[in-house]
Protein chains: 2
Amino acid sequence: MLFIGVQERAVMENSRLEGRILERGREFFRHIGDEKPSIFNKNWWTGKVMDASMANEPFKVQLFRFIDVLPYLTTEETLGRHLEEYFAKDENVPAVLKWGIKTTGIGGRLGMKLLGKTVRKNIENMALQFIVGGTVPETVKNLKKLREQGFAFTLDVLGETTVSEKEADEYVECYLRLLEGLQEAQQDWPALGGGDSGFDWGHAPQVNVSVKPSALYSQAHPADFEGSVGHILERLKPLCRKVVELGGFLCIDTEMRKYKEIIFELYRRLRSDAEFKDYPHLGLAVQVYLKESDKDVNALLDWSRQQRLPISIRLVKGAYWDYELVLARQNGWPVPTYTIKAQTDAAFERGVDKILQNHDTCHLACASHNVRSCCYVMEKARELKVPDDRYEFQVLFGMAEPFRKALLKMTNRVRLYCPQGKLLAGMAYLIRRLLENTSNESFLRQTFTEGRQLERLLESPPTNLERLAAEGKDKSPLAEITLASKSGFTNEPFVDYTNVGVRQSFYEAITEVKKQLGKTYSLHIKGKDVSTADIIDSVNPAQPNQVIGRVCQAGREQVQDAITASKEAFQTWRDTPPRQRTQYLFKAAEVARRRKYELCAWQVLEAGKQWNQAYNDVAEAIDFLEYYAREMIALAEPRKMGRVPGEDNRYFYQPKGLAAVIAPWNFPLAISCGMCAAAIVTGNCVIYKPSHQTPVVGHTLLQLFIEAGLPVGVFNYVPGRGSVMGDFLVDHPDLALIAFTGSMEVGLRIIERAGRTPPNQSSVKKVIAEMGGKNAVIIDDDADLDEAVPQIIDSAFGYQGQKCSACSRVIVLDTIYDRFLKRLLDAARSVKIGPAEDPSNFMGPVIDASARKIIYEYIKLAGREGKIVYTCEVPEVGYYVPITIVEGIMPQHRLAQEEIFGPVLSVMRVQDFKQALDWANSTRFALTGAIFSRSPEHLQLARQEFRVGNLYFNRGSTGAIVERQPFGGFKMSGVGSKAGGPDYLLQFMDPRTVTENTMRRGLVPVDEIAP
Amino acid sequence: MLFIGVQERAVMENSRLEGRILERGREFFRHIGDEKPSIFNKNWWTGKVMDASMANEPFKVQLFRFIDVLPYLTTEETLGRHLEEYFAKDENVPAVLKWGIKTTGIGGRLGMKLLGKTVRKNIENMALQFIVGGTVPETVKNLKKLREQGFAFTLDVLGETTVSEKEADEYVECYLRLLEGLQEAQQDWPALGGGDSGFDWGHAPQVNVSVKPSALYSQAHPADFEGSVGHILERLKPLCRKVVELGGFLCIDTEMRKYKEIIFELYRRLRSDAEFKDYPHLGLAVQVYLKESDKDVNALLDWSRQQRLPISIRLVKGAYWDYELVLARQNGWPVPTYTIKAQTDAAFERGVDKILQNHDTCHLACASHNVRSCCYVMEKARELKVPDDRYEFQVLFGMAEPFRKALLKMTNRVRLYCPQGKLLAGMAYLIRRLLENTSNESFLRQTFTEGRQLERLLESPPTNLERLAAEGKDKSPLAEITLASKSGFTNEPFVDYTNVGVRQSFYEAITEVKKQLGKTYSLHIKGKDVSTADIIDSVNPAQPNQVIGRVCQAGREQVQDAITASKEAFQTWRDTPPRQRTQYLFKAAEVARRRKYELCAWQVLEAGKQWNQAYNDVAEAIDFLEYYAREMIALAEPRKMGRVPGEDNRYFYQPKGLAAVIAPWNFPLAISCGMCAAAIVTGNCVIYKPSHQTPVVGHTLLQLFIEAGLPVGVFNYVPGRGSVMGDFLVDHPDLALIAFTGSMEVGLRIIERAGRTPPNQSSVKKVIAEMGGKNAVIIDDDADLDEAVPQIIDSAFGYQGQKCSACSRVIVLDTIYDRFLKRLLDAARSVKIGPAEDPSNFMGPVIDASARKIIYEYIKLAGREGKIVYTCEVPEVGYYVPITIVEGIMPQHRLAQEEIFGPVLSVMRVQDFKQALDWANSTRFALTGAIFSRSPEHLQLARQEFRVGNLYFNRGSTGAIVERQPFGGFKMSGVGSKAGGPDYLLQFMDPRTVTENTMRRGLVPVDEIAP
């Protein structure tokens, strides 16, 4: 009964609170009156355009993308061209934008020029509306005005995307200069709310800055948790020192979820640092749209109490909703955010409750444009008797002017969040704001453009949610859409390093695997381990005296045994029902999932793969197993051909026979596993020759298949010296198929030898060869360099450039060349080189001494053919080569033609996009390529004419994912269809047709007749 | 007004007639009483089994198929095995059949033995019920009994399927012996209806026989209309003479529609023959289920009046309904029969009207078991005052006993149609009767098992039809089911030689083409004719001094020019939208359709193809054009891969580049066209080298593409000597792809050379090679030899055995070996050899002197390795070789291993089915194969273990049809996927993936999100 009593009381209290909130909300709206925020005012260009955006989603996308690219459109020609490309074809473009485009076309220069000017001016004005000032003096002047209107401020310096340490340094510099200016200016500022404490409202520092910490370390990454926290802190401290010096307030902004734990740790370290622990004006932001925000708030409050260090939390709803959702779905993670606005609103109120209940140790900054949320804070604070100096309200500068005025009238304590800095950086900010304003769920949109009923706007989030649920509107398509293909396939989720358990697992697995180094590995033939006298050591390329394993090498005799075993196994395996065959792959995938960190660790140590690279390799191996198994299920069903009655035609596939799989070392598990799994699931038997650089990782593949219970002889592990057994294997008349991934030279040799068919061979050998690449990335003149630079670093130097998909040429348009190169070099300078087992190292050693030698030769050549503009120191022990960037390379140079397979990047300057495409296509290879461009027509042109197997728009050239980006090229890059794609398995099989004449004596089975 | 008056009167009269029919029908049913035909009597085994058949369609199929095979199951083992295979797995088998099977299995020998005996006995009794006698004395005895009961008869000798002239002779012999017996017996027979005229009922001969004319000439074929009529007449005359001698009646039965015109012509010739024109007792049957029956009846009546020769028509509904329908659909012809029973019934009554109106010149035999139809005849005859001697009624012996008794009571003039002869031949007849009885539309079924309302059973066919239409039941699924694939593809209809216009077109086209012989043909490069000095003559293999055309031969220079032209054209063609490319194929198909007879004629003369073979080649060429075009439309659409938001992945295909198409002479248009069309529609440019034996037919392909308007340089016609330009073409570094069809030797050479990749070559050459075959057909111990023998003749010797799919080994189980071989040799003896332009010749010359020489060498070898059991004379002029059948060949013999490409057939004897499969698989080739077997388990086993590209059950090994039977093999039979199949085009293209990162600044286009 007591329990019910408590519940009932809560309901009553709640209803009383809701009543007061409603009352307060009405008052709030009375203060707002009829005024509209300028952004929604249809008398103005902005209002008209916003209106069109909300009415027409495709136009909104085009418009926002156009705004995004606008700062790069510095010439009349390029501005006009983009205007036309973005808007000329769309029927729904509003008149205000359309004017001039259609009639003038490219020919009508004058019209276009005028239009361009107008559009640029209008959009810049739109952006400027959200930016308090471009320079320090301008900022100071405008802040003064705001303060005169009664608003406090917090300043945020635009341009948080720092792709290099140099940019991070410059960013810190900006803050310091700004603080310098503010220190001086605040001398003259009267405190808000009067009084002469020097504090606004009697308690708040007049100078208040917000800092995005990821900007302080260009290499911040959750995998390198300690390194990230440490490096950011290093740059944050001087900044903090300055804030303390001038008696200001420092708020650490929260950004993307991936930095969240880093930021929390950063805040705790800073706040408890001996130097700052007595300074109370340090705060941080918490995003309640994250499902874990309740936990986060509690943890921060607990920490504050435990440490007896009062804190300040700015409670925000969160600004990266689409991004986080898309990222999570792309990575296969659970969606971390609430997907319905009302859920976030509810979390906000829960956070408010919690913080206000702990107002003794935590100050609250309520940062919301939602009338209901603000009124909730007011009434909750009153209910809990929270003193005024323990909470305040924050509103974004430039947004919702009527709202901020009303809020000021009602609370007196309103702080504006004021971005400051260059227009270019401001565009990204503008788009975020526009997205917010035009989102269907935007409170402002609902309030100011849709005339939503007041009671609805003020209703409590749980009530709102209930209503939405009843209307069936409580689902987000983006969050709910199933990622599984028709066959049930979904990619293995990528690793989430924000999870401390994941990081721990990596360290533990590496430690564990290190205990197992130096073992001897036998061959595995016909289900038995087979030792040979010829043994080679596989070593850690970062530490060549560390033996990973001692691996027996097959001679011809063992190859012959393996072939004999395969032939025997084939007699049963070929007719094993395909569905049954798939079960072994599913089991192997299960085993790999269970052992994934261990599998990674072997790669880290034997192949010099960074954590991420190793994990992606293992995930890809699992994907291959799952994908090919499911593809096989679809292919296994004999297809009925034709529709005439009286005959039954079935089209189906049978395995080719014995398959040699000759694998490379750079994706030592994934590629091996993909080729073997494809061969096996289609009913072939496999003689697997792992690369001699990574035979131990190759052995882990054997372990997976053994643990999966694959029948004896279907898979035989036969490492060996190419010189001893390579030709013998390739030439063997009992082979039906060779699946190879590796260099062009070896590939062509295999193809040539396999083309000879001796009389004792039963079928022409099929060769599936994935060979080299000489991949180019084009940087168009409108490329987003914030995106392009780090992606080029990643594509060119990730895993030391030892991927067939690696970017080895970057083709840059003349007009953007200098800007790009400068940032690229700074970014290159910023990465750390060292053993892969340390996650702070971006780059490690190349695979072996021979590779190092070849790459050094190319570096020498680079100096002769072009001009080396970047090189660096590397560790002495281990097979390291420096990152090398070389300018002045022309298509005819060897540097531009030959695959180097190392961290050597040629930068090539072209005059126009057409030349860029020509140069991109000018090699013997056609594997991958990428373009950074925001020109719809250039992208469309590239879609057809940038002729490579895998082409990427606005992302790097590496990292193809099974099913999503079936991988493989043509020309000298390969023979055969794409790995991880829908045509791959067909290559391992021969089609057959069985036709039954079903009519006997005029009798036709009736089931055939049914349509 | 008059018009309406006439109509009204007709309606009134009609209604009066209907009233009388109803009255008469009621009387009829009163006579029938409660008695059921024995076949439906559930107290008996037959009745139970019929009942189960009608309730369960799959069981019916199994049962009727079992009945079909039963006569071949001469041993206890094979009977038991089949019983088990047919019925053990079916849950719905009625107890009477199931008994013993399940519990005994293979092990339960005793149970199975008993069961086997019972089943055999019961089924044989079922068959015997429909057969009046097995021998002449037995027949005579039983006929006497029937006559004593008051029934007249017409006799039909079972076993009309004659696969050789010997069998046709034997069949005639049977009739003569029978007539002999009847001649003697009729001396003692009192005339029915009393009187001493010696005629039954005062006017009808006592002896009456029905003859199926196709049985009289084993090579009867509508293409050879004159030959067929002549040869049948030759054997019919002696028989007719005998009938005249004994004063009997001869009725020419009608059979399958394909013989209809032959039969009508035969009847007209016989009836008007000087010898018989005064003999009035010659009749023929007309099937009213054929839509053209009204026309046919009119024509016969007109002819009778014109010639002043009275005739007699037996009006039947038709007994090959399913067969005709299926055949028409399989051939792409309009369905020739009515598809709803009521339509046939209506046609019957129209036929009755017409004949009775002309009773002065035509006697009517009403052959129907339909009470309504019979009553209609009675009432109509009364209305038209037709004398009794001008019409009679006919009923099948063994069917519907109560019906025939009632009919006799009502009309007095009932003749029973009495099959006579061996049980084996009777099984086919039994099945036809059972099908009739168990069909949903069967009048007997409706009358005797479904208790259909009397008024319904007697309603007029048009009324019945109206009702069915109202109920939506006036459609036949079998007739209505669309044959078009999802892509809209349907096969080009096969030729219907029953159409005199078609035959005429062939003769005319050959005449026309003969006028054009001897022209000079240039190369065609870059849209221009190019002459060379090197010219070869292409000749008619049947008449080597007849030059078909003089054809310029390409040297290396011309090949280089063609490659240069292709490269140039490729720049535009590669990016021509795929849908646009398909239009050229559709146009070429249109042109080919318009010129089809001409295209055939060129093949008849240059390649020695028979009409049929030539037509099939042209139809296949059209199919390739239509099929590949439609496949390309499906492949052209970039496929969206993956489902994650924020990225757009598209998977699509691009052409490989320059394609050399190296074509064979044996399908000179079809295979050339298929390879070229595939290359072209996928965006490649083609250098086409036709075979040097058929360059003029190759030129017709050029003409098609020119007429279709294909852009210049996309297709280049480059005939030439292999020794001069072959390697140069194959080795050319600018080629991306070689499509070849031809011998293994040349194929392997091309593959080997193409495997070498010089540094100036841009991609590894892709070779699509269709090579040889050494195809086996297995004759299982239960094979239906009526089907197997002619199909083997066709597969082995059709087009002189010059097909890669030709049967060159027939593997026969020991127990059926002798029976098979005897019939095969007789059948081989029956075919005519001579120039292909004469449609009476089954076989023509081989392609050239060199082929003849090689084949003769193999024939010599055949004599050494085995025993030649058949050879024959061949014409002296022309490249003829005899049909050669050789026994005693073992798998190790060259005759069993090497492709001969001529009319040489090895017959191999095996002990069991397992050995048959082993031997079938024992060659280097794996192209086609076939099995004649009625064992479900053997067929199932073969489905997996008879490993060839195209396997056929119960039909020959040749004649694959585009889409229905995608064609091609593996092992040494080919490399690559099947022509005319769903994977074929993929080989001409490289897949590409374009991935667009669609998220910019957190903004994701919303259309991606929609599920």
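**Salt bridges, whole structure.** I searched the whole structure for salt bridges and got 161 over all chains. The model is predicted, and I only count side-chain atom pairs at pLDDT 80 or more.

I picked one pair inside chain A. Glu265(A) forms a salt bridge with Arg269(A); their closest N and O atoms are 2.8 Å apart. I then checked where the two sit. Both belong to helix 11 of chain A, residues 260-272, and they are four residues apart, so about one helical turn separates them.

**Salt bridges, across the interface.** Next I limited the search to chain B against chain A. The rule finds twelve salt bridges there. I looked up one that involves Arg1001(B). Its side chain meets that of Asp784(A), N to O at 3.0 Å. The cut-off is 4 Å, so this pair qualifies.

I also sorted the side of chain B that touches chain A by class. I noted 49 nonpolar, 24 polar and 34 charged residues. For polar contacts between chain B and chain A, I counted 62 residue pairs, both residues at pLDDT 80 or more.

**Interface extent.** How many residues of chain B are in contact with chain A? I found 107, against 106 residues of chain A. Together the two chains bury about 9,500 Å², with 56% of it on carbon and sulfur atoms. I asked which residues of chain B lose the most area to chain A. They are Arg643(B), Arg1000(B) and Arg1001(B), together 10% of what that side buries. Arg1001(B) is thus on my list twice: here, and in the salt bridge with Asp784(A).

**Strand pairing between chains.** I looked for strands that pair across the interface. Strand 31 of chain A (residues 989-997) pairs with strand 28 of chain B (residues 950-953). The sense is parallel, over four bridges. I followed one partner: Val994(A) is bridged to Leu951(B) in strand 28 of chain B.

**Symmetry.** I laid chain B on chain A. The RMSD is 0.0 Å, after a turn of 180 degrees and a shift of 0.0 Å along the axis. That is the relation of a two-fold axis. In chain B, the C-alpha nearest the axis belongs to Gly755(B), 2.5 Å from it.

Last, I compared the two sides. Of the interface residues of chain B, 99% are also interface residues in chain A, so the copies meet through the same surface.

Technical notes. Residues are numbered from 1 along each chain as its sequence is written. Chains are lettered from A and ligands numbered from 1 in the order in which they are written. This is a predicted model: local features need pLDDT of at least 70, side-chain atom pairs count only at pLDDT 80 or more; totals for chains, interfaces and linings use all residues. Side-chain values use heavy atoms; hydrogens and water are left out. Copies are superposed by least squares on the C-alpha atoms of residues with pLDDT of at least 70 in both. Contact means heavy atoms within 4.5 Å. Buried area is the accessible area (1.4 Å probe) that two parts lose on being put together, summed over both. A polar contact is a pair of N or O atoms within 3.5 Å; within protein, one must be able to donate a hydrogen and the other to accept it, and residues adjacent in sequence count only if both atoms are side-chain atoms. Ala, Val, Leu, Ile, Met, Phe, Trp, Tyr, Cys and Pro count as nonpolar, Asp, Glu, Lys and Arg as charged, and the others, Gly among them, as polar. Two strands pair if DSSP finds at least two bridges between them. Helices (H or I, at least four residues) and strands (E, at least two) are DSSP runs, numbered from the N terminus.
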